[in-house]
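Visitor: I am new to this structure. Could you take me through some of it by question and answer?

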Amino acid sequence: MPSRKFADGEVVMGRWPGSVLYYEVQVTSYDDVAHLYTVKYKDGTELALKESDIRSQSSFKHRKSQSSSSSPSRRSSSRSRSRSRSPGRPAKGRRRSASQSRELKDDKKKTIQETSLALPVLVSFKPSENNTKRYNGEPESTEKNDTSCIILEQKLKPDLEIKRVLEQYSLRSRKDDKKKEEIYSEKKTFVAVKPIEKAPTKTKELEFGGRIGTFMMIFFLPATVLYLLLMCKQDDPSLLNVPPLPALESLWDGRVFGVFLLWFLLQAVFYLLPIGKVVEGLPLSNGRKLQYRINGFYAFILTAAVIGVLLYFQFELHYLYDHFMQFAVSAAAFSLALSVYLYVRSLKAPEEELAPGGNSGYFIYDFFTGHELNPRIGSFDLKYFCELRPGLMGWVVINLAMLLAEMKVHNLSVPSLSMILVNSFQLLYVVDALWNEEAVLTTMDITHDGFGFMLAFGDLVWVPFVYSLQAFYLVGHPTTITWPVAAAITVLNCIGYYIFRSANSQKNNFRRNPADPKLANLKFISTATGKGLLVTGWWGFVRHPNYLGDIIMALAWSLPCGFNHILPYFYVIYFICLLVHREARDEHHCKQKYGLAWERYCQLVPYRIFPYIY
Ligand code: NDP
């Protein structure tokens with residue numbers, strides 16, 4: 001096995017993919033398997049380069065001094081050669097004529113030292129057959145070039161159109177414009193440079209407070225659930241009045257645990273049913289794509305049918321309400337056991353299957369954040385299954401149980417208006433998630449986070465038992481609201497839902513097919529990875545419009561519970577904290593992925609979630 005030539009941290013000259021330009025870069029890691037160096041450019045862009053595309057600074061300087069290539073005249077001659085790459089020229093990597101090869105060799109000799117990268121280019125979006133192939137982020141006709149990166153070249157727009165595009169946006173300084181015009185004058189724009197996905201390396205930046213933080217969370221999260229449920233059970237809950245801890249044996253009930261297991265197995269059976277389409281997820285670090293069956297909505301309909309049958313046969317669904325605490329404890333015990341299993345099996349998982357965010361080498365940290373990215377038993381994907389099935393559908397069933405319990409406890413012939421609102425709003429949210437199940441495949445949970453205690457507990461305990469807190473609260477604390485108030489809250493929920501859904505759809509459609517005619521009016525900036533960043537539409541309004549919509553909905557779910565206590569508002573308060581933290585994590589990842597292009601996006605869209613506030 002050849003040994004590596006450059007060390008981590010060494011500053012070297014790295015060739016920019018598809019060009020003859022070398023930039024100062026820093027080696028951040030080396031992949032022994034793929035024999036690729038991960039290097040960081042000055043703008044923050046990270047790429048995987050072959051050794052042959054890296055030179056030491058000293059040899060580079062030596063070459064430079066020998067050659068006259070850095071003189072302006074030589075540079076312009078180099079540019080005129082570049083121009084010869086006419087629009088009709090076949091894309092890189094295809095067969096080249098002898099003269100073209102000679103020309104390329106010539107070009108290579110004229111290495112130009114540059115220290116700053118070309119700024120990302122604003123691209124006017126024009127749907128066309130060609131564009132589909134070119135801009136869809138996961139190009140069909142990608143080609144590997146000799147720099148071990150996938151290069152796509154954009155056919156050149158006529159000069160006039162380029163000018164129009166530049167004028168149309170006028171989003172950058174004149175100095176930048178000059179640079180852009182120089183680039184355009186070469187009649188060639190690299191619009192999509194996608195590095196080969198590198199194998200995951202060790203997680204260096206620890207999140208969630210590192211080892212101590214994650215250790216505390218393992219105790220803090222279950223304690224919070226217990227505290228909230230105990231508070232909710234009190235007739236007059238008060239933050240200062242901590243409820244007494246129930247006897248430990250009263251928290252455990254074998255039958256309840258059996259019901260929980262049955263529920264989990266039922267959902268697993270529905271998940272395995274061969275109905276619904278099979279789609280591919282995003283490429284993994286080794287380039288492989290996993291397959292996922294999309295049948296969450298069918299599973300929901302089947303679950304509704306099962307619940308309907310149970311109710312028809314007089315099954316007392318408020319059993320759930322009566323044993324709510326025991327159910328939460330059963331789910332917590334199960335999620336803990338599942339996390340231990342996940343961690344143990346992850347120790348045997350190959351390095352390339354470990355999560356980019358959960359491979360620190362610290363037991364507690366990896367146990368909490370999840371060591372393995374996509375743990376599967378055969379084709380059964382444990383993380384994907386838990387994300388949307390037992391917990392999310394469990395939430396709806398719990399809400400329904402609370403509605404029936406309210407009617408029973410207060411001897412009502414119809415549920416209260418508050419309870420109807422809470423049930424309807426949250427039902428809409430869950431049905432929406434299942435209807436758009438495919439969208440979960442591009443979320444951070446699936447692509448970045450491993451499956452460990454955080455997600456197992458979150459999916460199986462936190463979501464069903466904390467998100468249903470409003471309905472649980474209403475059973476013990478009836479709240480009357482008037483029709484106009486109910487109408488106003490409904491309007492608020494609709495506004496939130498509209499923002500949430502249209503923002504998510506806009507981004508998902510754009511990621512799946514940027515050439516979609518429905519997106520023709522949207523503008524985006526291109527990035528070095530080949531993916532664009534929308535700068536108009538919802539994603540030009542704030543940087544996380546979907547979070548804004550989600551938070552507005554969260555408020556609408558709490559308002560039907562009145563203002564007697566802060567407990568029903570726990571969800572909206574916690575959710576704002578969660579999404580602000582999540583936004584910061586995403587921002588950090590995007591900065592690493594897109595470098596300068598992300599900074600540019602942040603300049604264009606200054607607010608993160610709340611316009612003019614944050
Ligand atoms: P998002 O759907 O917000 O996606 C973030 C990603 O979108 C970025 O990493 C980037 O990925 C891409 N992106 C960012 N800016 C742009 C842009 N301008 N143009 C195009 N793409 C862009 O991620 P989440 O997984 O956090 O959220 C998904 C949904 O789930 C949200 O609606 C959120 O509210 C909801 N959610 C709900 C929770 C709950 O408990 N109820 C918890 C967490 C989330 P890339 O460029 O790689 O595509």
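Visitor: Which residues is Tyr601 in contact with, leaving aside its neighbours within four places in sequence?
Guide: This is a predicted model. Tyr601 is part of helix 24, residues 596–604. Beyond its neighbours within four places in sequence, its contacts are Ile525, Leu533, Leu534, Val535, Trp539, Val542 and Arg543.

Visitor: Is Tyr601 buried or exposed?
Guide: The cut-off for buried is under 20% relative accessible area. Tyr601 has 2% relative accessibility, so Tyr601 counts as buried.

Visitor: How far apart in space are Tyr601 and Phe524, C-alpha to C-alpha?
Guide: In sequence, 77 residues separate Tyr601 and Phe524. In space, C-alpha to C-alpha, the distance is 9.1 Å.

Visitor: Which backbone oxygen does the side chain of Ser335 reach?
Guide: Ser335 sits in helix 12, residues 324–346, and counts as buried because its relative accessibility is 0%. Leaving aside neighbours within four places in sequence, Ser335 is in contact with Ala456, Phe457, Leu460 and Val461. Its side chain reaches, at 2.9 Å, the backbone oxygen of Ala332.

Visitor: Which residues touch the most other members of the largest nonpolar core?
Guide: The largest nonpolar core has 132 residues. At least three of its residues come from each of domain 2 (209–480) and domain 3 (481–613). One of the residues that touch the most other members is Met402, in contact with Tyr321, Phe324, Met419, Ala471, Phe472 and Val475 when neighbours within four places in sequence are left aside. The full set is Met402, Phe465, Tyr467 and Phe575.

Visitor: How many residues are in the second, separate core?
Guide: Tyr23, Val27, Tyr37 and Leu47 are included in this second core. Its number of residues is 12.

Visitor: Why are the buried residues of helix 9 on the same side?
Guide: Helix 9 covers residues 254–272. Its buried residues are Val256, Phe260, Trp263, Phe264, Gln267, Ala268, Phe270 and Tyr271. They lie on the same side of helix 9 because the arc they cover around the axis is only 165°.

Visitor: Which exposed residues are on the face of helix 9 turned away from its buried side?
Guide: Exposed here means over 50% relative accessible area. On the face turned away from the buried side, the exposed residues are Arg255, Leu262, Leu265 and Leu272.

Visitor: Which residue's side-chain oxygen reaches the backbone nitrogen of Arg255?
Guide: The contact is at the start of helix 9, with the oxygen within 2.9 Å of that nitrogen. The side-chain oxygen belongs to Asp253.

Methods
Residues are numbered from 1 along each chain as its sequence is written. This is a predicted model: local features need pLDDT of at least 70, side-chain atom pairs count only at pLDDT 80 or more; totals for chains, interfaces and linings use all residues. Side-chain values use heavy atoms; hydrogens and water are left out. A nonpolar core is a set of buried Ala, Val, Leu, Ile, Met, Phe, Trp, Tyr and Cys residues joined through side-chain atoms within 4.5 Å. Buried means under 20% relative accessible area, exposed over 50%, partly exposed in between (1.4 Å probe, protein chains only). Domain bounds come from an automatic or database domain assignment. Contact means heavy atoms within 4.5 Å. Helices (H or I, at least four residues) and strands (E, at least two) are DSSP runs, numbered from the N terminus. The expected span of a helix is 1.5 Å times one less than its number of residues. The arc is that of the directions from the helix axis to the C-beta atoms. A polar contact is a pair of N or O atoms within 3.5 Å; within protein, one must be able to donate a hydrogen and the other to accept it, and residues adjacent in sequence count only if both atoms are side-chain atoms.
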